[in-house]
Amino acid sequence: MASKVMDLIYWKDMERTGIVLTGLVVGLLSLFQLSIITVVSTVSLAVMCCTISVRIYYQVLYILSWGDGVHPFKSYLDLDISFSGEQADLYMQKAIIMTLSAFDTLKRLLFVGNLFESLKFLVLMYLVTYLGDLCNGLTLLIIGVIAIFSLPLFYRQRQEHVDSFISKIQTHVDNVKDTFQRLAQGGGPPPDPTPGGAKPKNQ
């Protein structure tokens, strides 16, 4: 199942990925004008009309001896999406661990377990208020869906350039972070870059 999802994300089958991406984006865009109940029911009706028509068409071909009688959606019906008991337990444990970890992180941020981290969270939430004025959650969801189907493929094709760009940004972020940490600790000179902290002798 996971491999099929990755094939969709990396456009291994361009026709199938195009259909899935178009369906997701059109469905989400429909939510701007219609309720989610209306969208789900309308999409379900459209899909059912299509699949039933194809099923009847193949059955008529088989009756007239013009077809082999193979079910047109056999590959989808045979698709195994079940989980074993061990897999279900493993996924449940991972979900519980991730949830508890998220709550623990949020607790430390809200109750100022680390002043610097809480200040970063405060700035982030302040910026999110501006983001909320520009767009709503549905817009962000549409952007996220498009990003899922575009960024992984772009990264695979431009990995060296992207890694180099990210490393430069990370360097600047680390420098700014070190500066704020020194200010929070009362200032002081930057750490000595020479091995062992050795200082050159005065002439």
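Q: What sign does phi take at serine 65, just after H3?
A: In this predicted model, serine 65 takes a positive phi of about 65°, and this residue comes just after H3.

Q: How does the span of helix H3 itself compare with what its 28 residues should give?
A: At 1.5 Å a residue, the 28 residues of H3 (residues 36-63) should span 40 Å, and because the end C-alpha atoms are 40 Å apart, the two values agree. The reasoning carries over to helix H6 (residues 115-134), whose 20 residues should span 28 Å and whose end C-alpha atoms are 29 Å apart, which agrees.

Q: Which residue caps the N-terminal end of H6?
A: Asparagine 114 does so, with a side-chain oxygen lying 3.0 Å from the backbone nitrogen of phenylalanine 116.

Q: How should one describe the packing of H2 with H7?
A: Two packed helices are described by the angle between their axes and the distance between the axes. Here helix H2 (residues 14-30) and helix H7 (residues 137-148) pack at about 175°, with axes 10 Å apart; since angles over 145 degrees count as roughly antiparallel, H2 and H7 are therefore roughly antiparallel to each other.

Q: Which residues meet in the contact of H2 with H7?
A: From H2 come Leu21, Leu24, Val25, Leu28 and Leu29, which meet Leu138, Leu141, Ile142, Val145 and Ile146 in H7. The residues of this contact divide into ten nonpolar, no polar and no charged.

Q: Which residues does the UniProt annotation "transmembrane region" cover?
A: The unreviewed UniProt entry places this annotation on residues 20-39, 45-64, 109-131 and 137-155. In the model, residues 137-155 are 89% helix and 0% strand, with end C-alpha atoms 25 Å apart.

Note on methods: Residues are numbered from 1 along each chain as its sequence is written. This is a predicted model: local features need pLDDT of at least 70, side-chain atom pairs count only at pLDDT 80 or more; totals for chains, interfaces and linings use all residues. Side-chain values use heavy atoms; hydrogens and water are left out. Axes are lines fitted to C-alpha atoms, for helices over the stretch in contact, and angles run from 0 to 180 degrees between N-to-C directions. Helices (H or I, at least four residues) and strands (E, at least two) are DSSP runs, numbered from the N terminus. Angles under 35 degrees count as roughly parallel, over 145 as roughly antiparallel, 65 to 115 as roughly perpendicular and the rest as oblique. Contact means heavy atoms within 4.5 Å. Ala, Val, Leu, Ile, Met, Phe, Trp, Tyr, Cys and Pro count as nonpolar, Asp, Glu, Lys and Arg as charged, and the others, Gly among them, as polar. The expected span of a helix is 1.5 Å times one less than its number of residues. A polar contact is a pair of N or O atoms within 3.5 Å; within protein, one must be able to donate a hydrogen and the other to accept it, and residues adjacent in sequence count only if both atoms are side-chain atoms. UniProt positions are given in the numbering used here, feature names are shortened, and annotations may be inferred rather than shown by experiment.
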